[in-house]
Amino acid sequence: MSAATKSAATKSAADTGAAAMGAAATGATRRHFLKATGLAAGGFALEFTLPVTGAVAQAQPPAQAASPGAAPAGEVTAWLLIHPDESVVIRIARAEMGQGTLTGLAQLVAEELECDWSNVRFELVKPGANRARARVWRDMGTGGSRGIRGSQDYVRKAGAAARSMLVSAAAQQWAVPVTECSVDSGTIRHAASKRQTTFGAVAAAANKLPIPEDVALKDPSQWRIAGKPLKRLDTADKLNGSLVYGMDLHLPGMIVALPKACPVHGGTLVSFDKQAVLKMPGVRDVIKVDEATVAVLADRFWQAKRALDALPIVWDKGPNASVSSASIAALISEGLQGDTPFVGNRQGDAKAQLQGASRLIEADYGTPFQNHAPMEPLSATVQWTAQRCDVWAPTQLAEAALATVADAAGLDITACEVHPMRIGGSFGRRLATDYLAMAVRIARQRPGVPVKMMWTREEDMRQGRFHPVTQCRLRATLDAQGRIGALHMRIAGQSITSFVNPKAITANGDATVFQGLLADSPEGHFGYEVPHLLIDHAMRNPHVRPGYWRGVNTNQNAIYSECFIDELAHAAGKDPFEFRKLHMAKRPKHLAVLQAVADRAGWTKPAAKGVFRGIAQYMGFGSYTAAVAEVSVKDGQLRVLRIVAATDPGHVVNPQQVEAQVAGSFVYGLGAALFGGNTVKDGAIAETNFDTYGVMRLYDMPAVEVIVMPSGGFWGGVGEPTIAVAAPAVLNAVFAATGKRIRQLPLKDTDLSKA
């Protein structure tokens with residue numbers, strides 16, 4: 001162990017991560033390490049180790065200096081604690097940002113544990129502690145709708161292993177066979193002798209037993225806690241106001257820092273006149289943060305904001321200062337023509353079929369930049385010294401956040417910690433860690449002083465990581481039976497991966513561009529059978545920074561494909577639902593959700609006067625989704641009245657949370673399609689607050705009916721899949737109402753008077 005590591009372990013001995021490092025330094029046994037990291041005397045600290053295979057094994061970090069309690073190579077560890085008062089503390093490694101992952105994971109552990117749900121509590125894992133224990137909690141990232149599906153197997157095994165040890169401990173005390181004991185709601189019973197005990201009473205004894213490495217899991221048909229619409233564990237503190245979000249945190253002696261970067265992405269900071277604001281109330285200093293950013297330090301937020309607004313700044317906006325939405329559109333439009341090496345799905349020879357077609361149906365679609373615009377702007381509180389750096393911040397990638405902090409702090413990673421906080425909205429924005437590096441750079445200029453860096457709403461919206469701007473050209477032919485004979489779908493535009501992780505770009509481009517459009521992918525495969533199919537991508541990257549926005553590329557891909565399928569149905573003279581069914585004989589799960597929404601919405605029955613319907617289906621993030629939208633258009637004004645949605649995620653841990661996530665995704669997706677969209681003027685994002693960037697209001701929100709129909713056999717996502725079908729279902733309904741095809745979003749820019 002290095003001197004730096006020893007120093008960090010000594011300095012933070014109260015932290016559970018430091019307990020692991022301390023155990024390593026003293027050569028303690030694995031059992032001593034387990035006891036050292038228990039939360040209370042007499043507590044039961046469970047570490048279970050199970051084999052790791054496939055992609056999970058590949059994701060493990062390089063071998064580290066062994067610390068007692070660290071799992072051997074190829075194994076993974078998770079934690080569960082039970083106290084004498086019967087409280088069950090389940091440690092959660094995934095981020096909670098309102099989606100319910102925290103409660104769902106706890107339900108899975110509690111189900112296999114057979115504990116009393118009313119005794120369940122939770123604790124968020126810190127990435128430094130995870131690293132110190134050789135990543136015993138595995139992946140801490142929360143994105144791609146993987147919070148539950150990416151953890152479900154090993155957290156269920158955590159509960160099952162703990163139950164086995166607790167029952168074994170009771171059986172040993174009674175000197176009876178384990179097979180004669182049963183457990184229910186935290187109580188262990190031996191029917192023959194009529195004896196019983198509780199988890200809390202045998203926890204200490206269980207802690208001394210070997211940890212089973214092979215445990216059986218319940219079939220979901222046996223679930224009593226998982227699979228039920230239980231109340232969330234994190235609701236009460238939101239309702240009573242005790243929950244402290246990242247931007248609400250206050251530490252003694254803390255100052256506030258408000259940064260401002262060049263409004264044109266890629267521009268730089270030339271100079272600023274700090275003397276013009278230093279005498280303003282509460283202002284401590286004005287500092288350079290990096291080559292593009294300045295920050296005002298003050299005692300309070302509003303003091304810093306007034307000074308920042310008054311601060312004279314000179315920017316070098318660079319060559320991108322002349323870029324506009326029109327020039328970006330022209331750049332991307334050029335990619336709709338010609339050849340491209342990036343192919344996502346190819347069946348037969350679509351180009352040859354289209355070239356010789358006597359009748360060609362074609363259309364161009366486009367979607368704009370979109371801002372994440374969470375209610376909680378970016379923030380982070382940092383306390384930096386030459387020996388240690390602590391950061392309190394909401395983040396979706398805690399481990400990446402820790403690496404970013406260590407790099408910006410100029411310290412060994414063992415001397416840093418990120419204290420994850422629950423998130424007031426994110427939608428993918430906090431998958432980036434740029435704001436954490438910025439916060440640490442600011443705090444380094446005030447050693448020992450807690451500095452809360454906050455982005456104003458305007459800064460949050462200018463400096464975002466935007467949903468990529470794309471266009472799509474679709475061309476197809478119909479055969480004599482009215483089926484699709486050939487289809488070419490050319491996507492042109494921005495690649496998120498080329499910005500976020502350019503090394504992941506292959507000879508075939510960015511695979512994530514083709515979400516939901518691939519021939520055979522468990523994450524999302526194309527829902528129709530087409531004999532001659534070509535789906536490709538022409539990469540065109542403007543200077544505006546892209547990022548992962550809720551639903552990522554399924555959003556525009558579903559709009560392009562599902563609206564064009566509707567156009568083909570109209571050209572074939574067929575009902576849009578029946579036309580889809582013609583092409584889905586080998587897509588039974590796609591068809592099942594489509595049939596479910598059609599039946600529930602009464603698709604085959606006449607709608608009420610003035611009400612018009614649209615339909616869509618899509619697969620994304622491992623789940624099958626469909627929707628029917630009902631709208632009215634009067635005097636050019638659109639009202640979305642009702643959406644019936646169906647989702648098949650394979651398994652459902654909490655039906656109520658699934659329903660809430662579906663409705664929430666519609667708020668987000670429809671807001672973007674109807675009212676959102678970012679424009680670029682003089683190289684900068686023009687919309688800097690909610691007066692110009694539209695979102696859904698209560699008045700705009702339709703009634704939502706959700707059909708949750710898990711078919712079993714796989715684990716799909718929940719938070720992002722259904723966002724894809726809301727917009728195309730509404731757009732198809734708008735066509736039914738007006739005879740107009742809306743091919744360029746947002747819809748707010750379109751005249752909806754009837755054609």
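**View 1. Strands β5 and β6 pair up in a small corner of this predicted model.** Strand β6 (residues 187-190) runs antiparallel to β5, with four bridges joining the two. Strands here are DSSP E runs of at least two residues, helices are H or I runs of at least four, and both are numbered from the N terminus; two strands pair if DSSP finds at least two bridges between them. One bridge puts S182 across from R189 in β6. Helix α7 (residues 152-174) packs on the sheet and touches β5, β6 and β7, its direction at about 45° to that of β6. Helix α8 also touches β5, β6 and β7, and its direction makes about 75° with that of β7. Contact means heavy atoms within 4.5 Å; axes are lines fitted to C-alpha atoms (for helices, over the stretch in contact), with angles from 0 to 180 degrees between N-to-C directions.**View 2. The whole sheet here is open, in the order β5-β6-β7.** Its three strands pair in the antiparallel sense. At the edges are β5 (181-184) and β7 (195-198), each pairing on one side only. Direction ignored, neighbouring strands are turned by 20° against each other on average.

**View 3. Strand β23 sits between two hairpin partners, β22 and β24.** Eleven of the twelve residues of β23 (residues 623-634) are buried, so the rest of the structure largely encloses this strand. Buried means under 20% relative accessible area, exposed means over 50%, and partly exposed is in between (1.4 Å probe, protein chains only). With β22 (residues 612-620), β23 pairs antiparallel over nine bridges, and G620 stands opposite S623. That hairpin has two residues between its strands, and F621 takes a positive phi near 55°. With β24 (residues 637-648), β23 runs antiparallel across eleven bridges; E630 has R642 as its bridge partner. Two residues separate β23 and β24 as well, and D635 in this turn has a positive phi of about 55°.

**View 4. E567 in helix α17 makes a polar contact with R743.** The helix covers residues 554-572. E567 counts as buried because its relative accessibility is 9%. Its side chain meets that of R743 at 2.9 Å. A polar contact is a pair of N or O atoms within 3.5 Å; within protein, one must be able to donate a hydrogen and the other to accept it, and residues adjacent in sequence count only if both atoms are side-chain atoms. Leaving aside residues up to four places away in sequence, E567 touches A363, Y365, R741 and R743.

**View 5. R741 also has a ring to sit over, that of F735.** The charged end of R741 is 3.6 Å from the ring centre. Elsewhere, the charged end of R639 sits over the ring of Y699, 4.2 Å from its centre. For this label, NZ of Lys or CZ of Arg must be within 6 Å of the ring centre and within 35 degrees of the ring normal.

**View 6. W223 and W715 are one of eight aromatic pairs found in the whole structure.** Rings of Phe, Tyr and Trp (its six-membered ring) pair if their centres lie within 6.5 Å; planes under 30 degrees apart count as stacked, over 60 as edge-to-face and the rest as tilted. The W223 and W715 rings have centres 6.3 Å apart and planes at 45°, so this pair is tilted. W223 is in the loop between α8 (199-206) and α9 (236-239), and W715 is in the loop between β27 (703-708) and α21 (723-738), so the pair ties together parts 492 residues apart in sequence. Both are buried. F301 and W302, in turn, form an edge-to-face pair, 5.1 Å centre to centre with 85° between the planes. F301 is partly exposed at 23%, while W302 is exposed at 52%.

**Notes on the views.** Residues are numbered from 1 along each chain as its sequence is written, and side-chain values use heavy atoms, leaving out hydrogens and water. In this predicted model, local features need pLDDT of at least 70 and side-chain atom pairs count only at pLDDT 80 or more, while totals for chains, interfaces and linings use all residues.
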